[in-house]
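Please look through the sequence and the 3D structure shown here before reading the report.

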Amino acid sequence: MEVEHWHKVSRIFNSAIELDAERRLDFVDEECGGNEALKAEVQALISAHESFDSFIDSPIGSEGRGEPVKSLQPGERIASFQILSHIGSGAMGEVYLAKDLRLNRHVAIKVLPPNSAIDEGSRKRFQREAQSAASLDHPNICTIHEIGEHSGFNFIVMQYV
């Protein structure tokens, strides 16, 4: 894709998502000026953007099992790490800011939800993720400090950036 073309797609998309859904279609039609390929690209981006929220609402493994994903609360402990706050969610679980009580430092802890931990495939993918990241040494990749299991939670402790 040419740089100028991408800038145009990006500009139209970013302006369109700021508008309400009713006004968006007319805006995209007007901005694309009859260029159907450009219009299709922008509409595909808008469609993906609109479905993004529902895509990441719940971590993998939480669907169809009838049990909610347990979140950790500030003050709870996993091994020698005290949870301070929730940072975010992703496909493999929840990420928390925690304090390493042994070394008195802040760390990030990625936790595989207990309902996913019963799935051997999820546990193995989680372990491979930790092993892969731990084998790399690069300024743009966080350091893995520990991997473990505590009270039904599989977790990876990593550098907090």
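The report goes from the whole chain to its cores, one helix, and several single residues.

This is a predicted model, in which local features need pLDDT of at least 70 and side-chain atom pairs count only at pLDDT 80 or more, while totals for chains, interfaces and linings use all residues. Residues are numbered from 1 along each chain as its sequence is written, and side-chain values use heavy atoms, with hydrogens and water left out.

**The chain as a whole**

The chain has 5 helices and 6 strands. Here helices (H or I, at least four residues) and strands (E, at least two) are DSSP runs, numbered from the N terminus. In sequence order the pattern is α-α-α-β-β-β-β-α-α-β-β. Of its 161 residues, 31% count as buried; buried means under 20% relative accessible area, exposed over 50%, and partly exposed in between, with a 1.4 Å probe and protein chains only. A contact means heavy atoms within 4.5 Å. Among contacts between residues at least 6 apart in sequence, 44% join residues at least 24 apart.

**The nonpolar cores**

A nonpolar core is a set of buried Ala, Val, Leu, Ile, Met, Phe, Trp, Tyr and Cys residues joined through side-chain atoms within 4.5 Å. The largest one has 12 residues, including L72, I78, F81, Y96, V111 and F153. At least two residues of this core come from each of β2 (81-90), β3 (93-100), β4 (105-112) and β6 (153-159). Another core, of 11 residues, lies apart from it, with I12, I17, F27 and V42 among them.

One member of the largest core is V111. Leaving aside residues up to four places away in sequence, V111 touches L72, I78, M92, G93, E94, Y96, F126, F153, N154 and F155.

**Helix α2**

Helix α2 covers residues 21-32, 12 residues, and at 1.5 Å a residue should span 16 Å; its end C-alpha atoms are 17 Å apart, which agrees. The expected span is 1.5 Å times one less than the number of residues in the helix. Which residues of α2 are buried? They are R24, F27, V28 and C32. Seen down the axis of α2, the buried residues fall within an arc of 110°, so they line one face of the helix. The arc is that of the directions from the helix axis to the C-beta atoms. On the other side of α2, E22 and E30 are exposed. After α2 comes G33, with a positive phi near 50°.

**Single residues**

D100 lies in strand β3 and is buried, at 1% relative accessible area. Its side chain reaches the backbone nitrogen of L103 at 3.1 Å, where a polar contact is a pair of N or O atoms within 3.5 Å; within protein, one must be able to donate a hydrogen and the other to accept it, and residues adjacent in sequence count only if both atoms are side-chain atoms. Beyond residues up to four places away in sequence, D100 touches S80, F81, R105 and V107.

Most residues other than glycine have a negative phi. The table lists two non-glycine residues with a positive phi.

| Residue | Phi | Loop | Relative accessible area |
|---|---|---|---|
| A79 | about 50° | between β1 (77-78) and β2 | 29%, partly exposed |
| N104 | about 50° | between β3 and β4 | 56%, exposed |

The structure holds 0 disulfides, a disulfide being a pair of cysteine sulfur atoms within 2.5 Å. C32 is buried at 5% relative accessibility, and C142 is partly exposed at 24%.
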